[in-house]
Structures are given as structure tokens and as C-alpha cells.
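Got a minute to look at what holds two chains together? Pull up the model and follow along.

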Amino acid sequence: MRDAFLAALTNLAEKDKDIVLLTGDLGYGVFEQFEIRFPGQYFNVGVSEQNMTGLATGLSLEGKKVVTYSIGNFPTLRCLEQIRNDACYHDANIVIVASGGGFSYGSLGMSHHATEDLSILRSLPNMTIVAPCTLKETGDAITAMIKNGGVGYLRLDKTNAEATYIESPFIIGKARRYENGDDITLIATGGILGDTNIASAELRKRGINSRVVGMHSIKPIDKNEIIDAAINTGGIVTIEEHNKDGGLGSAICEVCMDNSVMPKKFFRIGLDNIYSSIVGSQQYLRSQYGMDSKAIVKKVIDLLKA
Amino acid sequence: MFKIKNLKRLSLKIRRHAINMTSVGKSAHVGSILSMADILAVLYGFVMSYKADDPKWPERDRFILSKGHAGAGVYAALAETGFIPLEKLRSHYQDGSDLSGHVSHKGIPGVEFSTGSLGHGLPVATGMALAAKIDNNKHNIYVLMSDGECNEGSVWEAALFAQHHKLDNLVVIIDRNRLQSIKSTEYTLSLEPFVNKWQSFGWHVVKVDGHNHQKLVDACNSIFVGKPLCIVAETIKGKGVSFMENNILWHYRSPQGEEYDAAIAELEEKNA
């Protein structure tokens, strides 16, 4: 996803000299061409995320459209107050980009597991949050977020769902349906849509037809799609590579309750309030914590039996 | 613009507003405002270019109060220089007011940036200075910080960046009153040798009497090509009201009753 993000950003930077990319000293072998091509539009600010976010705000207040980049929790949690007080309160035009959502950096250990970012940032007013599910969506997302303005958080994943043919265009706040089915709705955010698609195919073999929804926008969230799934399908299962508290599943619960709509069945797949001291590949940790395709299949079958 | 000799009057007005606002609002930080009243008078009365009737004039100098708890002083300076009506100052800290205890830009022309949590102003000012360099604009960015604020790591992150990028359009003024929230800066987390610290970070540093208007003006003019400027302004917390001077109590206490009367009387005497 990082490469798709950079390709799209390069296109944008070519046309718009006000786009400035700041990196917190991450992106070795990634940003060199961008730096050469766009002098005055790229700064490696060093390992200083608080300063990076403050700088971004100052640049934005002077008319720049700023992208801050780092990995894991560094551009988000490390400088959360700068995001809140500086960027959000001042209606800055900044897209915060974190490479390494969820367990992307699984083997690097707990410090590099970004598994509370969505919930923490979701609570901030004036914030748009997008976790693209496919490579195409990644490029579309950065383009739309810069065009939209305001403060955004773009969560990049090391994995992505395969580019399934999909008619609907990318619109912030509008979910995309990848499969139709009435027995259950599987709603996923980020690259784990890949596991969700595999699970859906397996369920279909077993006679269970799933509607599969890619919820790339966590904030704003597509209320209509959630309400439709609650009313017109056999239930909702949410899938996120993230802590259960406050993430995608929680956001969907909020929409249902706020609209007095009760899904017939409901289950959240995600991390159950733990920090992982176990390391491993992203796919290994997904299986370890019950969120890979096999786990999704089992949960759905159990849920529909219950 | 004021003449330097008239800055005394402006600084006294800011001080008087500070006593009034913190008394009416029963709010804290009067000592912090009195400490920097002369710096504000020099910036708003002499050093900075701005148009009160066109607060977003692109060529204006930018000012950020990073020690946001002294925001009432900025509101006072903005009222005295025509950005906001003087009567508005009475709403400070009141129910429904947009003049918050810590300085906020929302609805207040002339405030570039809201602060309140320490260590935020310098990074943002540094971003503004970088933008001016990128766009080849000639205005300066002034940041007023407290000395206690320099406990924050984000200050030093920005200090590194500003010197690395030779942001000589950036001026930091540090209100060096040597008192922070509970005790002295040196007792709490010693800053000395303070000038050397900033010099070793690659800044051009000038130490001045932070209550001497001419010296403050000279310091602001001592911009050094290729280096950001740090003015260590040696001040007295509570300056101008003798019983508040150098007394940490007035970081928190609001002047009421006899204390209020005495403070105003002392300032009036100086104004005479």
C-alpha cells in the first residue's frame, strides 16, 4: 500500500506545489526520488513526531497541504495532542499517514503493533479516517483526502485485498460492496478485507451467502450501508485488525443503536483487549488472534447456529 | 505604531487589563501576564507589522503566544491595538465567552494560534517560518514562550529543526522569570546555563532585561542571517505590582478586594 500511496502522492505533488511531505525519518529507499523531484516539498524532519505535527500545522496555516509520514503509532499516538490541539482545532489541511496498520510489523514487537489507532483518532472531532482495503483504494484515498482538506488519518497496511472488480467509485464515507448475499454481512476495514473475501468464498461453498462490505472510511462511516445490512441481512460480523474497543465494530454498534436498528446477529472480530507479546508475521498473528479467514468462517458458522 | 517612549503607557494598560480581567474572571496566571507585559508592548507597539483592520494581511508578522495561560495579556494587547473591542475584555473567562483562559483563535481576530498545553507554539511557528522561506515571503514569526515551558521535549525538537533549516525569520522570546508552577525553574528542572543551551542548539542568542523596552527592541532587531534568534528576556514574575513580584502565589491567585485595589493603585501611580 505504501508504494500505491507514494505513486498517487507523486502525481498530486507534480500538479500542486503546495503539497509538502514530511517524514519522521522513515522511508529509507522510498522517498529518495520524491525528494529529488520536488525540492521544497519534502522534508525529513528527523525522529521528532511532535515537532513534525506542529510543523505540519504551521505549514498548513500558511497555505500548504501537508502529509506527515511515519510508521506504526509514531505519527499518531506519539503526537496525539499535537493532532488534537494544533491540527484539528485549527482546521489544518494535513493527512497523517502511518505505514503499518495492525500487525503489519508483527515481528517487530508490541511497540510497532498499531492496534488502537483507529479508536483513539476516531474520538477526535474534525478528523477523517480511512483504512484502504485495496491498492487502488489507497491511491484513491490519498487523492480524495488531500482534495477534501481538513485533517485525515490514512492507515496503510502491508497486506491488501485483491483488486476485485468493483463498479462503485471511491468516495470518503461510502462503503463498497464486494459480494452480495443475505445470510450475513461481513464488514471489514483495511487489508484484512483479503481474509474476509477468502472467508466469504469458503462460506459460500458451505451454503452461506455473505454480503461483503469494505468499510474503508471509519470516520465518517457509511451509516446507510450499516443500517441496510442490519435490516436486510441475517446479521453483521465486523472484522478489524485492531482492538475491539472503539474500532470498526464499536463504530458500527453506535450507528445501529443511534438509529434503533438491531442486527439479527452481531459479532466483532478483533483483538480482545490485549497487547501482543508474541511476534510473528502479520498472517501468523491474524491466525493467532482469531481474525484470519478460517477464524472468520468458524465465527460466522457458530453465530448463525446460535 | 507607537513611539518607544509610549510603550510604557501600553505596557501599563496591558497590566491594568490583566489585573481587571483576572479579577473579574477570578482567573489565575496574573503573575505570568505581568511578567511578559513589556514584551507584548514592544511587539505589538513597535516591532511587529500588522493591520488591525485586516488581521489576515499576508505580509503581517506572525505572533504565537506559546505560554497560553497568559492569554489574557494577548487579548489586552489586541484590544489596545484595535483588533477587538476593549469592552470585550470584560467577558474573559465568563460563561459563554470565547476569550478563554488559555489563548484561543476562534472568533478572535489577531490570534494566529491557540495554545494552552506547553511546548506547542514553537513547532507550529517553525512550520510558519519554513513556509515563509519556501514561498520567499519576508515577514517574521515571533513566539513568546515561558522558561518552564522549556522542560518540554517538543521545544527542543523544533529548536533543532529551526537551526538546521537556518530559519532566520523565526524569533523566540523566552519570558525568563525563573518561576514555574510550584517552585523555581532551577529547583524544579534546572535550565542553566540557559543561554549556552540555545547557543549549542545553533541559535543566535541575546540576553536582555525583559522590562527594558529599548533593549527588547534592539534584541528583536538583532536578527542574525542564517540563524534563528532566541531572546532570553530576564523578567520578574508579577512585575509592576510589588506584592506580586517574584511570588509564586500569583501564578494562581486572583486579585480581589483590597489586593485588587492595591494593585490598580500601584499601576495608576506608575502611570501618573
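What follows covers the chain contact, then the salt bridges, then the nonpolar cores.

Keep in mind that this is a predicted model.

**Where the chains meet**

Chain A puts 22 residues into the contact and chain B puts in 24 residues. Together they bury about 2000 Å², and carbon and sulfur atoms give 59% of that. On chain A's side, A:Asn51, A:Glu62 and A:Tyr89 supply 28% of the area buried against chain B, more than any other three residues.

Polar links cross the contact too: there are eleven residue pairs in polar contact between chain A and chain B. The elements of chain A that give two or more residues to this side are α3 (49-61) and α4 (80-88). Helix α3 of chain A has the largest share, with nine residues. Sorted by class, chain A's side comes to six nonpolar, ten polar and six charged residues.

**Salt bridges**

Over all chains the count is 35 salt bridges, and three salt bridges run between chain A and chain B. Here are some of the pairs:

| Pair | Closest N to O distance |
|---|---|
| A:Lys64 and B:Asp135 | 2.7 Å |
| A:Asp91 and B:Lys106 | 3.3 Å |
| B:Glu112 and B:Arg60 | 2.6 Å |
| B:Arg176 and B:Glu186 | 2.9 Å |

Take A:Lys64, which forms a salt bridge with B:Asp135. This pair crosses between chains, from the loop between α3 and β3 (65-71) of chain A to the loop between α4 and β2 (141-146) of chain B. A:Lys64 counts as buried because its relative accessibility is 2%, under the 20% cut-off. B:Asp135 is partly exposed at 34%.

Within chain B, B:Glu112 and B:Arg60 meet in a salt bridge. B:Glu112 sits in the loop between α3 (71-80) and α4, and B:Arg60 in the loop between α2 (30-47) and β1 (62-65), so the pair ties together parts 52 residues apart in sequence. Both B:Glu112 and B:Arg60 are buried.

Then there's B:Arg176, paired with B:Glu186. The two are ten residues apart, with B:Arg176 in strand β3 (residues 170-176) and B:Glu186 in helix α6 (residues 185-189) of chain B. B:Arg176 is buried at 1%, while B:Glu186 is partly exposed at 27%. Shared partners join these two with B:Asp147, B:Arg178, B:Glu192 and B:Glu234 into one network.

**Nonpolar cores**

The largest nonpolar core has 72 residues, and those with the most contacts inside it include A:Leu22, A:Met127, B:Leu170 and B:Trp203. Helix α4 (residues 121-134) of chain B gives this core its largest share, seven residues. A second, separate core of 56 residues includes B:Ala37 and B:Tyr142.

How values were computed:
Residues numbered from 1 in each chain as written. Chains lettered and ligands numbered in written order. Predicted model: local features only at pLDDT ≥ 70, side-chain atom pairs only at ≥ 80, totals over all residues. Heavy atoms only, no water. Core = buried A, V, L, I, M, F, W, Y, C linked by side-chain atoms within 4.5 Å. Buried < 20%, exposed > 50% of the residue type's maximum accessible area, 1.4 Å probe, protein only. Helix = DSSP H or I, 4+ residues; strand = E, 2+ residues; numbered from the N terminus. Contact = heavy atoms within 4.5 Å. Buried area = accessible area lost by both parts, 1.4 Å probe. Salt bridge = Lys/Arg side-chain N within 4 Å of Asp/Glu carboxyl O. Polar contact = N/O pair within 3.5 Å; in protein donor to acceptor, adjacent residues only side chain to side chain. Nonpolar A, V, L, I, M, F, W, Y, C, P; charged D, E, K, R; others polar.
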